[in-house]
Amino acid sequence: MTGNFIQYEILGMAWLNRLIGQLLGLTGLDVSARMGASLQFFLFDSIKITVLLCVLIFVVSYIQSYFPPERSKKILGKFHGFWAACIAALLGTVTPFCSCSSIPLFMGFTSAGLPLGVTFSFLISSPMVDLGSLVLLMSIFGLKVAVAYVVLGLVVAVSGGMLIERLHMERYVEDFIKSARAVESDSPDLTQKERLIFARDQVVSTFKKVFPYILIGVGIGAVIHNWIPEAWIASVLGSRNPFGVVLATLIGVPMYADIFGTIPVAEALLTKGAQLGTVLSFMMAVTTLSLPSMTMLSKAIKPKLLGLFVGICTVGIILVGYLFNAFQYLFV
Amino acid sequence: METSGKEEEARKSPDVKVLGSGCARCQALERSAKEALAELGMDTKVDHVTDFAQIASYGVMSTPALVIDGKVVSSGRILSKEQVKALLQKARG
């Protein structure tokens with residue numbers, strides 16, 4: 001009971017949907033008709049995601065302020081082999097990360113003597129899984145799906161890193177990365193006030209950055225939700241198409257969007273008969289790999305390693321999708 | 001007394017660098033730094049370092065970072081003009 005209440009009314013904000021429906025009804029709009037229902041979806045989802053975004057980024061940034069990459073580097077130096085890859089994947093979820101920082105981070109890790117596989121476990125998990133996406137997924141797909149998504153994301157990150165380690169790809173890293181000197185840098189200790197200011201600043205800058213994506217995502221979601229025939233989506237992304245996962249992943253890979261912009265699309269696809277695993281693959285592909293991040297990484301690693309990185313992520317995401325589809329009955 | 005003259009000179013114009021890949025966040029920090037310097041009446045150019053080897057040599061792992069007189073004072077954050085001003089005054093104080 002309480003679990004459902006938290007899931008639907010607090011995280012899912014079902015009360016807000018009812019309120020918007022009633023308000024739209026007062027203006028004389030029929031929310032059971034297409035136009036009205038699209039408008040209701042658009043208003044409800046934009047507000048819900050914006051509220052979740054602000055609250056989540058604030059909380060997550062506050063936690064992240066305890067894990068600057070300099071600290072992650074030090075922590076990782078204490079672990080070896082498999083455990084180092086696991087810890088790297090876990091730290092990837094709490095370390096603040098933006099694709100424009102991937103090269104300095106790469107150099108910092110390498111110069112500290114961390115193995116290549118550990119760095120890659122981090123580089124895969126960091127954009128794919130973060131604390132924010134956990135809560136966001138929970139609000140839309142429920143706790144079980146969210147936890148499974150995070151666990152499988154971590155599995156992809158750890159196994160991807162281990163594979164890169166096994167294949168001895170060190171020679172495909174550009175020299176300037178390998179020759180970076182180790183520099184001890186202590187991140188200054190922050191006061192509580194500074195952490196709160198940091199969290200607030202992150203909310204403002206993230207909001208400015210992703211708000212257009214949210215509107216686009218919710219717009220696409222509203223169109224899918226009310227205008228595209230269910231039969232189409234079900235036949236392309238539903239259980240009748242065995243290649244739905246592959247298709248969704250390949251479409252998602254070059255796309256560049258935040259998880260906040262992807263969620264409304266995923267949500268709408270799911271209600272229209274797409275399979276859960278297919279939708280999750282799409283989301284993972286969009287958030288993990290994108291053209292800007294690949295362009296950035298291509299400056300640091302040679303095409304062969306970049307290809308391997310993209311290949312591992314793509315295959316991993318596809319496997320996760322099929323796994324979810326196979327066990328969908330456990331989650332819905 | 002030449003050295004103290006030089007010190008006096010250095011006091012007036014801090015060495016300010018923004019380390020970053022030229023991404024939007026880095027440019028935002030550069031703008032704040034320029035505005036802060038202008039408001040403090042400091043006649044310094046902000047040096048935007050985009051060379052990754054140089055960035056790494058500061059031990060910075062998340063960009064954008066702000067360097068004042070060779071010391072990293074902030075990394076991975078976009079600072080506001082007021083925050084940069086506070087850091088400049090602290091470094092100069």
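Helix α6 of chain A, residues 102-111, is the top contributor to the wall of the largest cavity in this predicted model, putting in 4 residues. Which residues make up that wall? From chain A there are Lys73(A), Pro104(A), Met107(A), Gly108(A), Ser111(A), Ala180(A), Arg181(A) and Val183(A), and chain B adds Ala56(B), Gly59(B), Val60(B) and Met61(B). So much for the cast; now the space itself. The largest cavity holds about 50 Å³, and the structure has just 1 cavity of 30 Å³ or more. Sorted by class, its lining has 7 nonpolar, 3 polar and 2 charged residues.

Next, the pockets. The second largest pocket has a volume of about 620 Å³. Of its 26 lining residues, Tyr8(A), Ser139(A), Ile140(A), Phe141(A) and Glu267(A) sit closest to the centre. Several helices of chain A give two or more residues to this lining, namely α1 (2-11), α2 (14-26), α3 (34-64), α8 (131-141), α9, α11 (192-227) and α14 (259-271). Which of them gives the largest share? That's α3(A), with 6 residues. The class split for this pocket is 13 nonpolar, 9 polar and 4 charged.

One of those contributors, α9 of chain A, is worth a quick geometry check. Helix α9 runs over residues 143-166, and because each of its 24 residues counts for 1.5 Å, the expected span is 34 Å; the end C-alpha atoms are 34 Å apart, so the two agree. Just past the end of α9(A), His168(A) adopts a positive phi of about 50°.

Technical notes
Residues are numbered from 1 along each chain as its sequence is written. Chains are lettered from A and ligands numbered from 1 in the order in which they are written. This is a predicted model: local features need pLDDT of at least 70, side-chain atom pairs count only at pLDDT 80 or more; totals for chains, interfaces and linings use all residues. Side-chain values use heavy atoms; hydrogens and water are left out. On a 1 Å grid over the protein atoms alone, a cavity is a set of points where a 1.4 Å probe fits but cannot get out, and a pocket is an open set with protein on both sides within 12 Å along at least five of seven lines; lining residues have an atom within 4 Å of a point. Grid points are joined across faces, edges and corners, and a volume is the space filled by probe spheres set on the points. Ala, Val, Leu, Ile, Met, Phe, Trp, Tyr, Cys and Pro count as nonpolar, Asp, Glu, Lys and Arg as charged, and the others, Gly among them, as polar. The expected span of a helix is 1.5 Å times one less than its number of residues.
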